[in-house]
Amino acid sequence: MTTLPYTSHNKQLIQDFIDETKTRVSNGATLTFTRKAQDELSLLNINYNITTDDIENAILNLSTEDYYRGINPSGQADFDVCAFYACVGADNIGIYLKYGLEVNGLQILIFSNHAPIYPMNQPFKN
């Protein structure tokens, strides 16, 4: 997955991705977790009491500063995919959160949500 360099154009691409996510959620789209992401969520729940609602709240509160990497600007994929560093739950646990927006549909697919193993660079963070 590519990391976009900080430019005003790329920042707008990420903002558009975040805005589209919020629009879909407000219009009733639900989060779908891959098997891997569901397993990771189970561990987050056991270790930190993090729930699906916490993941949804984290997604709804994302900003471009939380961007880690992703989005293929070619528009050639079935899903636009982005990864973020997000704080989740009552204890604000930092997680790696990777999800995609279906290009020709409304699905929001969570690919990964776990505590990061390594520090995460946030290229758009001031």
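Two rings of Phe, Tyr or Trp (for Trp, the six-membered ring) make a pair if their centres lie within 6.5 Å; the pair counts as stacked if the planes are under 30 degrees apart, edge-to-face if over 60, and tilted for the rest. Keep that in mind for the opening views. The model is predicted, so local features need pLDDT of at least 70 and side-chain atom pairs count only at pLDDT 80 or more, while totals for chains, interfaces and linings use all residues. Residues are numbered from 1 along each chain as its sequence is written, and side-chain values use heavy atoms, with hydrogens and water left out.

**View A. Aromatic rings join into a cluster.**
Eight aromatic pairs are counted in this model. One of them brings Y6 and F124 together: their ring centres are 5.3 Å apart and their planes meet at 85°, so this pair is edge-to-face. Y6 sits in the segment before α1 and F124 in the segment after β5, so the pair ties together parts that are 118 residues apart in sequence. Names such as α1 and β5 come from DSSP runs, numbered from the N terminus: helices are H or I runs of at least four residues, and strands are E runs of at least two. Are the two partners buried or exposed? Y6 is partly exposed at 44% relative accessibility, whereas F124 is buried at 1%. (Buried means under 20% relative accessible area, exposed means over 50%, and partly exposed is in between, using a 1.4 Å probe and protein chains only.) Ring pairs link Y6 and F124 with F17, Y67, F84 and Y99 in one cluster.

**View B. F84 and Y99 form a stacked pair.**
Here the ring centres lie 6.0 Å apart and the planes are at 25°, so F84 and Y99 count as stacked. F84 belongs to strand β3 and Y99 to strand β4, and the pair links distant parts of the chain, 15 residues apart. F84 is buried, with 0% relative accessibility, and Y99 is buried with 0% too.

**View C. K98 lies over the face of F111.**
The distance from K98 to the centre of the F111 ring is 5.9 Å. A charge sits over a ring if NZ of Lys or CZ of Arg is within 6 Å of the ring centre and within 35 degrees of the ring normal.

**View D. Helix α1 has its buried residues on the same side.**
Which residues of α1 are buried? They are N10, I14, F17, I18, T21, R24 and V25. These residues cover an arc of only 125° around the axis, which puts them on the same side of α1; the arc is that of the directions from the helix axis to the C-beta atoms. On the other side of α1, the residues S8, H9 and S26 are exposed. The buried residues of α1 pack against α3 (52-60), β2 (67-70), β3 (79-88), β4 (93-102) and β5 (108-114), where contact means heavy atoms within 4.5 Å. How far should the 19 residues of α1 span? At 1.5 Å a residue the expected span is 27 Å, and the end C-alpha atoms are 26 Å apart, which agrees. (The expected span of a helix is 1.5 Å times one less than its number of residues.) After α1 comes G28, whose phi is positive, near 100°.

**View E. R24 and E20 form a salt bridge in helix α1.**
A salt bridge is a side-chain nitrogen of Lys or Arg within 4 Å of a carboxyl oxygen of Asp or Glu, and the model has three. In this one, the closest N and O atoms of R24 and E20 are 2.7 Å apart. The two residues are four apart in α1 (residues 8-26), so about one helical turn separates them. An α-helix has 3.6 residues a turn, so residues three or four places apart point the same way. R24 is buried at 7% relative accessibility, while E20 is partly exposed at 33%.

**View F. Helix α2 holds salt bridges between R35 and D39 and between K36 and E40.**
The closest N and O atoms of R35 and D39 are 3.5 Å apart. Both residues lie in α2 (residues 35-48), four residues apart, about one turn of the helix. R35 is exposed at 64%, and D39 is partly exposed at 37%. K36 and E40 meet at 2.6 Å, N to O. K36 is partly exposed at 46%, but E40 is buried at 12%.

**View G. N49 and N92 have positive phi values.**
Phi is near 60° at N49, a residue other than glycine, in the loop between α2 and α3. Phi is near 50° at N92, also other than glycine, in the loop between β3 and β4. N49 is exposed at 58%, and N92 is exposed at 52%.
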